[in-house]
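Biologist: I am new to this structure and would like a close look at a single part of it, together with whatever surrounds that part. Please take me through it slowly and explain each term as it comes up.

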Amino acid sequence: MFSIPLDTEAQVPMYEQIYSYIKNEIKDSRLKEHDKLPSARNLASHLNISRNTVDMAYSQLVSEGYIEAVPKSGFYVSSISTLTSIQTAPVSVKTIKPKVKEIYQYNFSPFAIDIKSFPYNVWRKLSKDCMNEYNNELFLLGDSQGDETLRAAIAGYLYSSRGVICTPEQIIVGAGTDYLLLLLCRLFYWLYRDKAEVDGSAVIAMENPTYKRAYEIFTDMHYPVLPIELDQNGIQVEKLQKTTANIVYVTPSHQYPLGLVMPVKRRQELLSWAASNQERYIIEDDHDSEFRYKGKPIPALKGMDSFEKVIYLGTFSRAIAPAIRVGYMVLPEQLLQLYKNHLKIFSSTVSRVDQYIITHFLADGYFERHLNKIRTLYKSKHDLLLQALKIFRDSIVVEGEHAGLHLVVYFKTNLTEQELISHAASHSIKLYGLDVHYIYPKKNSMPGILLGYANLTEKDILDGSKALYEALKDSLLT
């Protein structure tokens, strides 16, 4: 019988103390191969503890191979040779070098926001408000489309700011645009699977260049994608009409990445294309629509949709913070019924606590005040960057201004786009090229760069623009 010194005051559970004692006895060869251990009942009685404690210790020893249970006989020490080989076998350790994050003095990212402008105090207050005993239901599974109070708040916001008329019932809340696009792909499967005239599948047209992540999602889901060239007014509808596409993905309020604004006439042409066939739909990604610095805000295409042909996508990632991961989708009535029939099984991917916070952020007026604040901030940075770029004189062409969080700048140089980016990087300046946003390569006469400014201080905008000029001036043409 073992005399195991048990410490009842120790933080280590007693079953673990028994397990460690017997394991060490076996490893140090004080218990030999095939030695029989006392029964769990006898050892428990001897140590004056519960049998369940000994059972737990023996169970752990069995699972790790130190002992084995023999039916109707008891527990025995396992083969020592096997244990020895396990203990002494050489271990091959692969050294994984941590990825070194490149640090630049000036990073003109078009994807970043001014994180210092995040409404920390308000967010902290709303987070605290939701954590009380009166909100117990927040920890239960909610509506698969998102909480009705949040959807009602989003519907009110879309009506007042984007001219979109919809009911809370038409809105689906999800963790970002990517998830909602995946949901749409499943919806298209059910929409077209019995439609012989469209070969049982959606054929998706996209602007070229485009939001490449959406393109990757559609192709990963095995939908054919047809790139359509743009002119100064956006996607060319006459070229769209010549294709077999029954879905078109557009960013009409601020085309990504070129920054074009689709005028009313082109929007009407696009809506007419969709209305001419019962199976056609438009996906409107309302990218960066909150940030317009000249003229009146442009209403959403969905606001002109009298035929129920526009699927509207929006997100709070740019206006609040990317990590919020809350997006929303407005479905036309026909697609809403299809969603309810086949996709209600997918639960909302947004935490109900986050839904509560954003509901009150919208409904209590915080979001409107926050937007007004950061819109003023970003306009100031936008104007300052345009001013700072005058140092380049006639050696650049600037497009996509007066909206969004980046400019499109074409450089008159003999360098390729990648050479220009690499040359800037050697001077600690991070640039982001335009070419990667094309579905198929397009030979631009000049290398294009998306020059973001949201994450830069005003000093960095001035100093960074000057540093970029100094780095490139010898390669510029006039």
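Modeller: Glutamate 308 has a relative accessibility of 29% and therefore counts as partly exposed, a class that lies between buried (under 20% relative accessible area) and exposed (over 50%), as found with a 1.4 Å probe on protein chains only. Its phi is positive, about 60°, although the residue is not a glycine, and its place is in the loop between strands S9 and S10. Helices (H or I, at least four residues) and strands (E, at least two) are DSSP runs that are numbered from the N terminus.

This is a predicted model, in which local features need a pLDDT of at least 70 and side-chain atom pairs count only at pLDDT 80 or more, whereas totals for chains, interfaces and linings use all residues. Residues are numbered from 1 along each chain as its sequence is written, and side-chain values use heavy atoms, with hydrogens and water left out.

The part to look at closely is S9, the strand that comes before this loop. S9 covers residues 281–285, and 5 of its 5 residues are buried. Both of its faces are covered, with Tyr281, Ile283 and Asp285 buried on one side and Ile282 and Glu284 buried on the other.

S9 has strand partners that can be taken in turn. Strand S8 (residues 247–250) pairs with S9 in the parallel sense over 4 bridges, where pairing requires that DSSP finds at least two bridges between the strands. Within this pair, valine 250 has glutamate 284 of S9 as its bridge partner. Strand S10 (residues 310–315) also runs parallel to S9, and these two are paired over 4 bridges, with isoleucine 283 standing opposite isoleucine 311 of S10.

Between S8 and S9 comes helix H10 (residues 264–275), and the three together make a right-handed β-α-β unit; right-handed means that, with the strands pointing away from the viewer, the path from the first strand over the helix to the second runs clockwise. The loop between S8 and H10 contains proline 257, which is joined to tyrosine 256 by a cis peptide bond with omega of about 15°. Most residues other than glycine have a negative phi, and most peptide bonds are trans.

Which residues surround isoleucine 282, leaving aside its neighbours within four places in sequence? This residue of S9 is buried because its relative accessible area is 0%. Its contacts (heavy atoms within 4.5 Å) include Val248 and Val250, as well as Leu270, Leu271, Trp273 and Ala274. Leu301, Lys309, Val310 and Ile311 are also in contact with isoleucine 282. By contrast, the C-alpha atoms of isoleucine 282 and leucine 47, which are 235 residues apart along the chain, are separated by 75 Å.

As for confidence, the protein averages a pLDDT of 89, and 93% of the residues score at least 70; pLDDT is the predictor's confidence in each residue, from 0 to 100. Over residues 84–93, however, the pLDDT is below 50, and this stretch has 2 contacts in the model beyond near neighbours in sequence.
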